[in-house]
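Grab a pencil and work through these exercises one at a time. Try each task before you read its solution.

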Amino acid sequence: MHLTRAQDAPAYQAAGHHHMTMHRLQGLEASPLNGVWAARLTLAPGGRVDPKGSPAAKLYLVTEGSVRFRGGETTVLLGPGDSVFVLPGEEREFSEAAGARAVMYLTMLENYPSA
């Protein structure tokens, strides 16, 4: 078993991510999980991610606050319990939407099969 306590999750940075903190929960430097990794994203008021596609598939789950999320040509408002899956190469962007902290969990699927 590989446990990562919330307070011990390693922080990381990513280009194009503004006014947010990110902590790796599993995979990469956090645990031996391979091909998939998970993180907690905490968006401060005004926090956002620039539009960008990725070779990895991404699963986002909002647990706190409100997030405006655009995937491809669709924009939605997400609240606690809402989730979004983004295919590899699909452009996505998101931002905190209510002027208060928002928390999302991200699962990155590095080798997702082509559709």
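**Exercise 1. Which element holds Ala44, and which residues is Ala44 in contact with, leaving aside its neighbours within four places in sequence?**

Step 1. Find the element: Ala44 sits in strand 3, where strands are DSSP runs of E with at least two residues and helices are runs of H or I with at least four, numbered from the N terminus. Before going on, note that this is a predicted model, so local features need pLDDT of at least 70 and side-chain atom pairs count only at pLDDT 80 or more, while totals for chains, interfaces and linings use all residues. Residues are numbered from 1 along each chain as its sequence is written, and side-chain values use heavy atoms, with hydrogens and water left out.

Step 2. Check the accessibility. Ala44 has a relative accessible area of 32%, which makes it partly exposed (buried means under 20%, exposed over 50%, partly exposed in between, with a 1.4 Å probe and protein chains only).

Step 3. Look for partners. Leaving aside neighbours within four places in sequence, Ala44 is in contact with His19 and Glu96 (contact means heavy atoms within 4.5 Å). Also, the C-alpha atoms of Ala44 and Met20 are 5.6 Å apart, though the two residues are 24 apart in sequence.

Step 4. Follow up on His19, which is in strand 2. With 57% relative accessibility, His19 counts as exposed. Its phi is near 55 degrees, a positive value in a residue other than glycine. For background, most residues other than glycine have a negative phi.

**Exercise 2. Is Met22 buried or exposed, and how many residues apart in sequence are Met22 and Leu41?**

Step 1. Met22 belongs to strand 2, and its relative accessible area of 3% makes it buried.

Step 2. Met22 and Leu41 are 19 residues apart in sequence, yet 4.6 Å apart from C-alpha to C-alpha.

Step 3. Now list contacts, again skipping neighbours within four places in sequence. Those of Met22 include Pro10, Tyr12, His17, Arg40 and Leu41. Those of Leu41 include Met20, Met22, Tyr60, Phe94 and Met104.

**Exercise 3. Which residues have the most contacts inside the largest nonpolar core?**

Step 1. Start with the rule: a nonpolar core is a set of buried Ala, Val, Leu, Ile, Met, Phe, Trp, Tyr and Cys residues joined through side-chain atoms within 4.5 Å.

Step 2. The largest such core has 21 residues, and Leu41, Tyr60, Phe69, Phe94 and Met104 have the most contacts inside it.

Step 3. See where they come from. At least two residues each are supplied by strand 2, strand 3, strand 4, strand 5 (67-71), strand 7 (83-86) and strand 9. Strand 3 has the largest share, 5 residues.

Step 4. Put it in context: in soluble globular proteins, nonpolar side chains tend to be buried together.

**Exercise 4. Which residues are linked with Arg70 in a network of salt bridges?**

Step 1. Count first: there are 5 salt bridges (a side-chain nitrogen of Lys or Arg within 4 Å of a carboxyl oxygen of Asp or Glu).

Step 2. Take Glu91, whose side chain meets that of Arg70 at 2.4 Å, N to O. This pair links distant parts of the chain, 21 residues apart: Glu91 is in the loop between strand 7 and strand 8, and Arg70 is in strand 5.

Step 3. Next, Glu93 forms a salt bridge with Arg70, with the closest N and O atoms 2.7 Å apart. Here Glu93 is in strand 8, 23 residues from Arg70.

Step 4. Put them together: Arg70, Glu91 and Glu93 form a linked network. Arg70 is buried at 16% relative accessibility, whereas Glu91 is partly exposed at 36% and Glu93 is partly exposed at 27%.

**Exercise 5. Why does the salt bridge between Arg101 and Glu64 tie together parts that are 37 residues apart in sequence?**

Step 1. Check the distance: the closest N and O atoms of Arg101 and Glu64 are 2.9 Å apart.

Step 2. Place both ends. Arg101 lies in the loop between strand 8 and strand 9 while Glu64 lies in strand 4, so the pair joins parts 37 residues apart in sequence.

Step 3. Finish with accessibility: Arg101 is partly exposed at 44%, and Glu64 is partly exposed at 30%.
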